[in-house]
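Please open the model in your viewer and keep the sequence beside it, since this tour moves from one selection to the next and says at each stop what is found there.

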Amino acid sequence: MNTDPISDYLTRMRNAIRANHKVVEIPTSKTKREITKILFEKGYILNYKFVDDVHPGMIKIALKYHPTSKLSAITELKRVSRPGLRKYVGVDEMPSVMNGLGIAIISTSHGMMTDKEAKAQKVGGEVLCYIS
């Protein structure tokens with residue numbers, strides 16, 4: 001049993017990047033699916049696939065690397081809100097990751113979105129993680 005599935009997700013991604021793996025497999029959940037979709041939309045991962053025919057379902061994520069230098073598109077994955085200490089922000093307190101070069105993933109009442117989208121929609125929420 002995993003008490004913090006988002007932290008597990010980020011740790012699996014971080015370990016795969018450090019080992020220069022092309023693909024990482026992660027057990028699925030609704031939250032993890034939404035985070036994966038955001039990472040794909042923002043260009044941090046190459047592609048993804050939801051595999052539901054196995055139990056538990058899996059997410060296969062193709063990691064993105066620079067073609068010549070072999071550096072990952074993701075340099076840092078940081079968990080912010082955790083089960084022991086939740087971190088909520090309003091619209092006026094929205095965090096900026098690397099002065100706007102990175103993203104913060106926010107869980108709002110309007111669904112999962114980036115910090116910039118939350119500011120545009122004028123909603124606050126729980127800051128799940130920083131990605132740069």
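## A tour by selection

Begin with strands S2 and S3, the latter being residues 58-63, bearing in mind that the model is a predicted one; these two strands pair in the antiparallel sense over six bridges. For one position along this pairing, select Val-51, which stands opposite Met-58 in S3.

Next, widen the selection to the sheet to which these strands belong, an open sheet of three strands in the order S1-S3-S2, with antiparallel pairing. Strand S1 (23-27) and strand S2 (45-51) are its edge strands, each of them pairing on one side only. If you turn the view to judge the twist, neighbouring strands of this sheet are turned by 20 degrees against each other on average, direction ignored.

Now add helix H1, residues 5-18, which packs on the sheet and touches S1, S2 and S3; the direction of H1 makes about 165 degrees with that of S1. Then add helix H2, residues 30-41, which also packs on the sheet, where it touches S1, S2 and S3, its direction making about 150 degrees with that of S2.

Before leaving this part, select Asp-4, which is placed in the segment before H1. Is Asp-4 buried or exposed? Asp-4 has a relative accessibility of 12%, and because a residue under 20% is classed as buried, Asp-4 counts as buried. With its neighbours within four places in sequence left aside, Asp-4 is in contact with Arg-79, Arg-82 and Pro-83, so those three residues can be displayed with Asp-4 to show its surroundings.

The next stop is strand S6, residues 103-108. Five of the six residues of S6 are buried, and S6 is therefore largely enclosed by the rest of the structure. With S6 kept on screen, add strand S8 (residues 125-131), which pairs with S6 in the antiparallel sense over six bridges; within this pairing, the bridge partner of Ala-104 is Tyr-130 in S8.

Then bring in S7, which runs antiparallel to S6 and is joined to S6 by four bridges. The two strands S6 and S7 form a hairpin, with two residues between them, and a pair to pick out here is Ser-107, which stands opposite Met-112 in S7.

Stay with strand S7 (residues 111-114) and select Thr-114, which has its place in this strand. Thr-114 is buried, with a relative accessible area of 1%. Which residues is Thr-114 in contact with, leaving aside its neighbours within four places in sequence? They are Ile-38, Lys-42, Ile-103, Ala-104 and Ile-106.

Finally, clear the selections and show the whole chain, whose secondary structure comes to three helices and eight strands, following the pattern α-β-α-β-β-β-β-β-β-α-β when read along the sequence. The radius of gyration of the chain is 15 Å, close to the 14 Å that the globule rule gives for 132 residues, so the chain is as compact as a globular protein of that length. The C-alpha trace spans about 40 × 35 × 25 Å along its principal axes.

If you colour the chain by accessibility, 41% of its 132 residues count as buried, while the chain exposes about 7700 Å², of which carbon and sulfur atoms supply 52%. A last view is of the contacts in the chain between residues at least 6 apart in sequence, 60% of which join residues at least 24 apart.

Technical notes
Residues numbered from 1 in each chain as written. Predicted model: local features only at pLDDT ≥ 70, side-chain atom pairs only at ≥ 80, totals over all residues. Heavy atoms only, no water. Pairing = 2+ DSSP bridges. Axes fitted to C-alpha atoms, helices over the stretch in contact; angles between N-to-C directions. Contact = heavy atoms within 4.5 Å. Buried < 20%, exposed > 50% of the residue type's maximum accessible area, 1.4 Å probe, protein only. Rg over C-alpha atoms; globule rule 2.2 N^0.38 Å. Areas by Shrake-Rupley, 256 points an atom, 1.4 Å probe, with all protein chains shown as cover.
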